[in-house]
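Good morning. I will take a few minutes to go through one structure, starting with a single residue and working outwards. Please have the model open while I talk.

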Amino acid sequence: MKNYLSFTEEVKHALQNQRPVVALETTIVSHGMPYPQNIQTAKEVEQIIREHGAVPATIGIMDGKIKIGLNEEELEEFAQNPAVEKVSRRDFPYVLATGKIGATTVAGTMIAAQLAGIEVFATGGIGGVHREGEVTWDVSADLTELAKTNVAVVCAGVKSILDIGRTLEYLETQGVPVVGYRCDDFPSFYSRTSGYQVDFRLDTPQEVAKMLDMKWKLGLQGGVVVANPVPEAYAMNHDEIEAVIIQALQEAKENGITGKKVTPFVLDKVKQLTQGKSLATNIALVKHNAEVAARIAAALKEINR
Ligand code: PSU
Ligand code: MN
């Protein structure tokens, strides 16, 4: 798979010189946010990472290559082209073989990041066990990827479109530590709390870096979820968002939406139903995650210098 990687100069240089690098996904760009907020956010997030002493590597598939770092024109393509496929572990061979354009999910980005030698990844929220997952078996491949791929994922928890309790149980079974960054309660994306506790609370990038380093030095395969709550000023009211989510899930059911289409469909409905309020929250939390991820990546490089 390494033969299919293609690096931008900026990322190649950073990796060769042991500089901190933060991976970013493209599904959030192509399927998670509308144009033009998606491209604007993608660029700003890259800039925030640079301002905090790391190099951003936005990952996506194009022309039969897994791109580690995208130039402006490429990023624009991911933001605007409606033909972009959503690429999780399952989808790599098809998208690479056909030369299609593919946006990587959390799972897909983790795979590419590990191959490239990138240990820290910033996103919005990870996938998880869906509500009624015990019936539909809809469990995101993000969770099994976290069990086997050595990348730390800085996120704002999981959306309550998912079954948060079962998602955390699944992560425990798979041996994935869930760290609360300056929080005790596992955040639920739009809100700073969920009613579920994180496994471990850590308060500085250095502490997180030390734990990541320990996990991988011990030879314990897999990632770590670093849960970073949305900044207070952008947090949404829990009951308000819950009502919207119930309606969005109902519409997904009525429209017979299944498989990889579920998450983008529900995200879009939530956005429509909150008149864009959820989008502002989404943008704010992604930026915050980028900053924390850059600090953790820098601290991790300090340990092994
Ligand atoms: N959750 C969000 N926003 C997102 C996603 C999840 O709050 O954009 C995207 C991520 O790319 C994640 C993917 O990896 O959806 C999970 O999709 P699925 O549930 O089909 O595994
Ligand atoms: Mn799914």
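Let us begin with Asp138. Asp138 has 20 other C-beta atoms within 10 Å, and because the cut-off for buried is 20 or more, Asp138 counts as buried. Keep in mind that this is a predicted model. You will find Asp138 in the loop between α7, residues 133–136, and α8. Not counting residues up to four places away in sequence, Asp138 touches His130, Gly133 and Val262. The reason for picking this residue is a record: UniProt, in an unreviewed entry, lists Asp138 under "binding site".

Next, the ligand. Which residues come nearest to ligand 1? There are 18 residues around ligand 1, and the nearest of them are Gly32, Val106, Gly125, Gly127 and Ser140. Three elements give two or more residues to this shell: α2 (27–30), α8 (141–148) and α12 (262–273). Sorted by class, the shell has 5 nonpolar, 9 polar and 4 charged residues.

The same UniProt record type brings up two more positions. The feature "active site", again from an unreviewed entry, is placed at Glu25 and Lys159. I will take them in turn.

Glu25 sits in the loop between β2, residues 21–24, and α2. Is Glu25 buried or exposed? Glu25 counts as buried, because 28 C-beta neighbours lie inside 10 Å. Leaving aside neighbours within four places in sequence, the contacts of Glu25 are Ile59, Thr104, Thr105, Val106, Thr109 and Thr123. Val106 has come up already, as one of the residues nearest to ligand 1.

Lys159 is also in a loop, between β8 (152–155) and α9 (164–173). Lys159 has 25 C-beta neighbours inside 10 Å and therefore counts as buried. Beyond four places in sequence, Lys159 touches Gly125, Ser188 and Phe189. Gly125 is another of the residues that come nearest to ligand 1.

That loop leads us to helix α9. Its buried residues are Ile164, Thr167, Leu168, Tyr170 and Leu171. Why do these residues lie on the same side of α9? They cover an arc of only 160° around the axis, so they share one side of α9. The general background is that an α-helix has 3.6 residues a turn, so residues three or four places apart point the same way. The buried residues of α9 are covered by elements including α8, β9 (178–181) and β11 (224–227). On the face turned away from the buried side, α9 carries the exposed residues Glu172 and Thr173.

Glu169 is in α9 as well. Glu169 is partly exposed, because 13 other C-beta atoms lie within 10 Å. After the helix comes Gly175, which has a positive phi, near 75°.

Last, the nonpolar core. The largest one has 93 residues, and those with the most contacts inside it are Val22, Phe121, Val225 and Ile296. Helix α13, residues 277–303, supplies the largest share of this core, with 10 residues. What does Ile296 contact, leaving aside its neighbours within four places in sequence? Ile296 is in contact with Val120, Ala152, Val154, Pro205, Val208, Ala209 and Val226.

That is the tour. If you go back to one place in the model, go back to Asp138, in the loop between α7 and α8.

Key
Residues are numbered from 1 along each chain as its sequence is written. Chains are lettered from A and ligands numbered from 1 in the order in which they are written. This is a predicted model: local features need pLDDT of at least 70, side-chain atom pairs count only at pLDDT 80 or more; totals for chains, interfaces and linings use all residues. A residue is near a molecule or strand if its C-beta atom, placed from the backbone, lies within 6 Å of it. Helices (H or I, at least four residues) and strands (E, at least two) are DSSP runs, numbered from the N terminus. Ala, Val, Leu, Ile, Met, Phe, Trp, Tyr, Cys and Pro count as nonpolar, Asp, Glu, Lys and Arg as charged, and the others, Gly among them, as polar. A nonpolar core is a set of buried Ala, Val, Leu, Ile, Met, Phe, Trp, Tyr and Cys residues joined through C-beta atoms within 7 Å. A residue is buried if 20 or more other C-beta atoms lie within 10 Å of its own, exposed if 12 or fewer, and partly exposed in between; C-beta atoms are placed from the backbone. Two residues are in contact if their C-beta atoms, placed from the backbone, lie within 7 Å. UniProt positions are given in the numbering used here, feature names are shortened, and annotations may be inferred rather than shown by experiment. The arc is that of the directions from the helix axis to the C-beta atoms.
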